[in-house]
Amino acid sequence: DDYRRYQGQVGLPALPVPDDEHPYLHWWRKHTGSLDLPDDAVIRARTAYYGLVTAFDRMVGAILDRLDALGLAENTLVIYASDHGDQIGERGLWWKQTFYEESVKVPLIMAWPGVLPEGQRRPQIVNLIDLGPTMLDALGAPALPNAQGRSFLQVAKDGATPWADETFSEYCTDGMAPWAGTQPVQQRMIRCGPWKLVYYHGRPPQL
């Protein structure tokens, strides 16, 4: 039912395979058999993704409804996040394992009635390792010793809060895991404001 809800409404990706495709990404598409997928297969997969998002949204709604039924909705900080995005065919890519925004950028939605402003967005770059310190801060608990993350609770409250607007990420495999491909990979990324540098060990970088 969730698939049929979007059937015929989802088109092809907006971003084509770039003319200057990075050699690693071309190798990855060849390794995964996604160099020349027929349009109907691409649309079918993208349609299924939309259906899965709807199914998941329904599950989140069940949790929020339960909080409300228990009288906890007004005193609970709710955070929705993910560990990675999904490229769903953009630039001819699927799954994750790249540092394009579709893959490395993750959702982060926070709701805390009476504490966080509603319906606002923040341009600051935060990290998943910042979530733990943020939740401890919300509890009024002391920070964990040696924690690498930082609380962004004040940023969530006020977008004008000073913040070091940068993040780092890495994707490294040993070439043994079936899902990772047959060659070792070392990729690292730094993003600061609108700029992102991607380092590939033994291959050209991307800016």
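1. Gly 51 is buried, with a relative accessible area of 5%, and this glycine belongs to helix α3. In this predicted model, Gly 51 touches Asp 2, Tyr 3 and Tyr 6, when residues up to four places away in sequence are not counted. A useful exercise is to compare sequence with space for one pair: Gly 51 and Glu 21 are 30 residues apart in sequence, and their C-alpha atoms are 30 Å apart in space.

2. Thr 47 is also found in helix α3, which covers residues 39-69. What is the relative accessible area of Thr 47? The value is 2%, so Thr 47 counts as buried, because buried means under 20%. Leaving out residues up to four places away in sequence, Thr 47 touches Tyr 3, Tyr 6, Gln 7 and Val 10. Tyr 3 and Tyr 6 thus appear in the contact list of Thr 47 and again in that of Gly 51.

3. Two residues deserve a careful look at their backbone angles. Ile 88 has a positive phi of about 35° although it is not a glycine, and Gln 97, likewise a residue other than glycine, has a positive phi near 50°. Where in the chain is Ile 88 placed? Ile 88 sits in the loop between β1 (78-81) and α4 (101-104), and Gln 97 is found in the loop between β1 and α4 as well. Although each is a loop residue, Ile 88 is buried with a relative accessible area of 13%, and Gln 97 is buried with a relative accessible area of 6%.

4. The largest nonpolar core has 14 residues, and those with the most contacts inside it are Tyr 24, Leu 25 and Tyr 171. The elements α2 (23-31), β4 (185-192) and β5 (195-200) each supply at least two residues of this core, and the largest share, four residues, comes from α2. A second, separate core has nine residues, including Met 110, Leu 116, Leu 131 and Trp 163.

5. Tyr 171 can serve as a guide to its surroundings. Not counting residues up to four places away in sequence, Tyr 171 touches Tyr 24, Gln 97, Phe 99, Trp 179, Ala 180, Val 185, Gln 186 and Gln 187. One of these partners, Gln 97, is the residue with the positive phi near 50°, and another, Tyr 24, is named with Tyr 171 among the residues with the most contacts inside the largest nonpolar core.

6. Is Phe 168 buried or exposed? Phe 168 is exposed, with a relative accessible area of 56%, and it lies in strand β3, which runs over residues 166-173. Together with Ile 190, Trp 195, Leu 197 and Leu 207, Phe 168 forms a nonpolar patch on the surface, with about 590 Å² of accessible area for the group.

7. Finally, the whole protein may be considered. There are six helices and five strands, which follow the pattern α-α-α-β-α-β-α-α-β-β-β when read along the sequence. The C-alpha atoms fill a box of roughly 50 × 45 × 30 Å along the principal axes. Of the 207 residues, 30% count as buried, while the protein exposes about 13,500 Å², of which carbon and sulfur atoms supply 57%. Among contacts in the protein with a separation of 6 or more, 59% are accounted for by residues 24 or more positions apart.

Methods:
Residues numbered from 1 in each chain as written. Predicted model: local features only at pLDDT ≥ 70, side-chain atom pairs only at ≥ 80, totals over all residues. Heavy atoms only, no water. Buried < 20%, exposed > 50% of the residue type's maximum accessible area, 1.4 Å probe, protein only. Contact = heavy atoms within 4.5 Å. Patch = residues over 30% accessible without salt bridge, like charges linked within 9 Å, V, L, I, M, F, W, Y side chains within 5 Å. Areas by Shrake-Rupley, 256 points an atom, 1.4 Å probe, with all protein chains shown as cover. Salt bridge = Lys/Arg side-chain N within 4 Å of Asp/Glu carboxyl O. Core = buried A, V, L, I, M, F, W, Y, C linked by side-chain atoms within 4.5 Å.
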